[in-house]
Structures are given as structure tokens and as C-alpha cells.
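Here is a friendly walk through one protein model, written for someone who would rather be at the bench. Keep the viewer open as you read.

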Amino acid sequence: IILIFPAFRRLEDYTKQLYITEENALFKTFRYFLCHIFAVIIILISYKKDEKGIIVPLEISREDSDPSPKISFNSFMINEIDELKRKNIKKRKLKSTISLLILSANGLLCYLYRLFFNYADKYFGFGKQSIGIFFDICFYIFFSYFILNQKLYKHNWTSLGIISFIILILIIITTISIKDTNQIIISIGYYFFYSLFFSLYDVLGKKYMVYFYNTPYFMIFIIGIINVFLLLVFDLFAYFFNREISGIII
């Protein structure tokens, strides 16, 4: 496992040099979500592994011949319980589907935002390790508190104080070195929304896994399928009607 990442990273470098001579942000976004689909490999491995060791939930015994102590239910109550169970399963599936659609939309918004400002690193790159990290910390704390109901303890506040102090120094140094007020203001606006979208995406993903007890691989796989489909549909229209904005097929 330790060798997988460097091996594939090297393969990626060679592939880019040979075949991806003209990189564009839309194709990069498409590749990102396409990679999500390969999470199905982990899902299949996990499913195969758990086939023999799966835990079957206990069911209400309906046979009076069973000598073990049990609660007696008549047929009407059993049917009511089964019907209620089916309704709860349907509601849970519906909520799960809506949550995955919201996550997919949020994830796509993150990368479309970066796609729209594809020149951001060129003009705003100086604030990535200072202003960007500051907003990351603020939004992760905010969303974790209100969405995940996570509390912060003394050691969290201590770390936060130290990091904020260092980031403040970096921001001051950056501001003095740039000497362009407009560029700094635009950079603050850019990283504010950048951190907002990405941190919300991560926290909502955590909320989904905690609430629905699904693996991150399942969540990633579904998000990948939805967003790859949407990007392909968009690029089909772009390719045939306005090739200037096409970035995948072309």
C-alpha cells in the first residue's frame, strides 16, 4: 500500500508528458471525479470479504414451538411492524439519495468555482498558505460545531491560537511584500468562498457517513458517477455548439 502512491504518481507524470500536452481545468475536474468511480474496487473487495462473515440481524420469532422465552405478537401487529419497517427503509433511502445529490452539487460547485477562477494561483497564489488556511480553519470550526455538533476543547483552542498567530504574521509579511491593496482584497474574497465551499463539502461528507453508516467509498463512488455524467453531458453540448469551452472530448 505504501508503494502504490509513488508508483502511480510516477506513472501519472509519464502519461501527462506523453498524452496531455494541453492541460485544461475542465478536463482536470473531470479526471478528479472519474477517479472517484474507482472506489467501486474497494467496495467489491469489502463486499467479497464480508460475504461469509456477515452479521444477520435478529428477527421476531413467529413459531410457538420455540422453547426460548419470547414476546408474543399476533399477525396484525407483525404486519404493522413490517409495514413500518418498510416505510422507514424507504424514507432512509430517500434521505440518503437527497444527501448524495446535495454532496455531488456541492463537490461540483467547488471545482467549478476553481475552474472559473483558473487563473487564481497566478494572481492569488501568494495568499494560499496564509489567508486560505485562516479561512479553512474558521469554516471547519464553524461547520463542525453547527452541523456535526462537535465541541472544541482547551488543546484545540491552544493549537488554534498558535496557528492563528503564525498566520497573522504571514499575512502581514505578504501584505507588505505585495503592496497592492486591490489584489489583497480580491484575494481575501477569493479564498473566503474557496474555503467556504470546500470545508462545507468535507463536513457534509462526514455528516453523511455518520448518519447513514455508509462507507466513504460508497459515497465517493456515487458522487463520482453523478458528476462525471453531468460533466460529460455539458461537454457534449459544448463540443457540438461551442468548442471554445469544450475541455473533455476535445
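How many helices and how many strands make up the secondary structure of the chain? There are nine helices and zero strands, where helices (H or I, at least four residues) and strands (E, at least two) are DSSP runs numbered from the N terminus. Read from the N terminus, the elements run α-α-α-α-α-α-α-α-α.

This is a predicted model, in which local features need pLDDT of at least 70 and side-chain atom pairs count only at pLDDT 80 or more, while totals for chains, interfaces and linings use all residues. Residues are numbered from 1 along each chain as its sequence is written, and side-chain values use heavy atoms, with hydrogens and water left out.

**The chain as a whole**

Of the 250 residues in the chain, 24% are buried; buried means under 20% relative accessible area, exposed over 50%, and partly exposed in between (1.4 Å probe, protein chains only). The accessible surface comes to about 18,700 Å², and carbon and sulfur atoms own 68% of it (Shrake-Rupley method with a 1.4 Å probe; for residues, only the protein chains shown count as cover). Among contacts with a separation of 6 or more, 77% join residues 24 or more positions apart, a contact being heavy atoms within 4.5 Å.

**Helix H2 and its partners**

Helix H2 covers residues 25-37, which makes 13 residues. From first C-alpha to last it reaches 19 Å, close to the 18 Å expected at 1.5 Å a residue; the expected span is 1.5 Å times one less than the number of residues. At its N-terminal end sits a cap: a side-chain oxygen of Asn 24 lies 3.2 Å from the backbone nitrogen of Leu 26. Leu 26 is also one of the buried residues of H2, along with Thr 29, Phe 30, Arg 31, Phe 33 and His 36.

Ile 37 also belongs to H2. With a relative accessible area of 23%, Ile 37 is partly exposed. Its C-alpha is 5.2 Å from that of Gly 224, although 187 residues separate the two in sequence. Leaving aside residues up to four places away in sequence, Ile 37 touches Phe 221, Gly 224, Ile 225 and Val 228.

**Helix H9 and the segment after it**

H9 has 26 residues that should span 38 Å at 1.5 Å a residue, and its end C-alpha atoms are 37 Å apart, which agrees. Its buried residues include Phe 221, Gly 224, Asn 227, Val 228, Asp 235 and Ala 238.

Ser 104, in helix H4, is buried with a relative accessible area of 1%. Beyond residues up to four places away in sequence, Ser 104 touches Ile 223, Ile 226 and Asn 227.

Where is Ser 246 placed? Ser 246 is in the segment after H9, and at 9% relative accessibility it counts as buried. Its side chain makes a polar contact of 3.2 Å with the side chain of Asp 235 (a pair of N or O atoms within 3.5 Å; within protein, one must be able to donate a hydrogen and the other to accept it, and residues adjacent in sequence count only if both atoms are side-chain atoms). Ser 246 also touches Leu 26, Ala 238 and Tyr 239, not counting residues up to four places away in sequence.

**Two loop residues with positive phi**

Most residues other than glycine have a negative phi. These two have a positive one.

| Residue | Loop | Phi | Relative accessibility |
|---|---|---|---|
| Asn 149 | between H6 and H7 | near 55 degrees | 60%, exposed |
| Tyr 213 | between H8 and H9 | about 60 degrees | 68%, exposed |

**A phenylalanine in H8**

Phe 192 is found in helix H8 and is partly exposed, at 32% relative accessibility. Phe 192 touches Phe 135 and Phe 139, not counting residues up to four places away in sequence. The C-alpha atoms of Phe 192 and Ile 131 are separated by 8.3 Å, with the two residues 61 apart along the chain.
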